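Colleague: I would like to go through this model with you. Please put it on the screen, and we can start with the annotated spans.

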Amino acid sequence: MWKYYALLSAIFAALTAVLAKVGVKDINGNLATAIRTSVVLFLAWGIVFFSGHLKDAKELSKVNLVFLILSGLATGLSWIFYFKALETGDVSKVAPIDKLSIVFVMVLAFIFLKEPIDIKTIAGGTLILAGTIVLIW
């Protein structure tokens, strides 16, 4: 099932990039990020509330909270820089370069999470890196 969720994530990420490029036209990227974040915040809490998972908040540990807060800070910074890039760059170049994060995730997962390394993952990461280099130059 996770593969379907990942594919849907990719489809919505593509929509996000195109819609954001149009939305950031003639406005500051930080303002655009704040608006987008407000919508995400409302949507996420709405899903938690209506799905009945608000009660699960009492099960959060300090480790959960610390790492989710750090993840939120990383997400916020990612979005701020993404919108700054969209202000002046072509979405067809900004979005693929942004996806270089996939290679960084692979490396970090191998090092810190001790996830297994296989030839398919290395080959895929190498192709993403090569594609990013082509786009940059």
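Colleague: What percentage of residues 30-51 is helix?

Modeller: This is a predicted model, where local features need pLDDT of at least 70, side-chain atom pairs count only at pLDDT 80 or more, and totals for chains, interfaces and linings use all residues. Residues are numbered from 1 along each chain as its sequence is written, and side-chain values use heavy atoms, with hydrogens and water left out. Helices (H or I, at least four residues) and strands (E, at least two) are DSSP runs, numbered from the N terminus. The end C-alpha atoms of residues 30-51 are 31 Å apart, strand is 0%, and helix is 95%.

Colleague: Which residues does the UniProt annotation "transmembrane region" cover?

Modeller: The annotation comes from an unreviewed UniProt entry. Positions follow the numbering used here, feature names are shortened, and annotations may be inferred rather than shown by experiment. One of the spans, 94-112, is 89% helix and 0% strand in the model, with end C-alpha atoms 28 Å apart. The record lists residues 30-51, 63-82 and 94-112.

Colleague: How many helices does the protein have?

Modeller: Along the sequence the pattern reads α-α-α-α-α-α. There are 0 strands. The count of helices is 6.

Colleague: Which helix gives the largest share of the largest nonpolar core?

Modeller: A nonpolar core is a set of buried Ala, Val, Leu, Ile, Met, Phe, Trp, Tyr and Cys residues joined through side-chain atoms within 4.5 Å. The largest one has 9 residues: Ala 17, Ala 20, Val 24, Ala 32, Tyr 82, Phe 83, Leu 86, Val 94 and Ala 95. Helices H1 (2-23), H3 (62-88) and H4 (91-98) each give two or more. The largest share, 3 residues, comes from H3.

Colleague: Is Thr 33 buried or exposed?

Modeller: Thr 33 sits in helix H2, residues 29-50. Beyond residues up to four places away in sequence, Thr 33 touches Trp 79, Ile 80 and Phe 83 (contact: heavy atoms within 4.5 Å). Buried means under 20% relative accessible area, exposed over 50%, partly exposed in between (1.4 Å probe, protein chains only). At 6% relative accessible area, Thr 33 is buried.

Colleague: Which residue has its ring face under Arg 36?

Modeller: A charge sits over a ring if NZ of Lys or CZ of Arg is within 6 Å of the ring centre and within 35 degrees of the ring normal. Arg 36 lies 4.3 Å from the ring centre of Trp 79.

Colleague: Why is the pair of Phe 49 and Phe 50 edge-to-face?

Modeller: Rings of Phe, Tyr and Trp (its six-membered ring) pair if their centres lie within 6.5 Å; planes under 30 degrees apart count as stacked, over 60 as edge-to-face and the rest as tilted. This rule gives 2 aromatic pairs. The centres of Phe 49 and Phe 50 are 5.2 Å apart and the planes are at 80 degrees, so the pair is edge-to-face.

Colleague: What is the centre to centre distance for Tyr 82 and Phe 83?

Modeller: Both Tyr 82 and Phe 83 are buried. Their rings form an edge-to-face pair, with 80 degrees between the planes. Centre to centre, the distance is 6.3 Å.

Colleague: Where is Asp 26 found?

Modeller: Most residues other than glycine have a negative phi. Asp 26 has a positive phi of about 65 degrees. Asp 26 counts as exposed, at 72% relative accessibility. Asp 26 is in the loop between H1 and H2.
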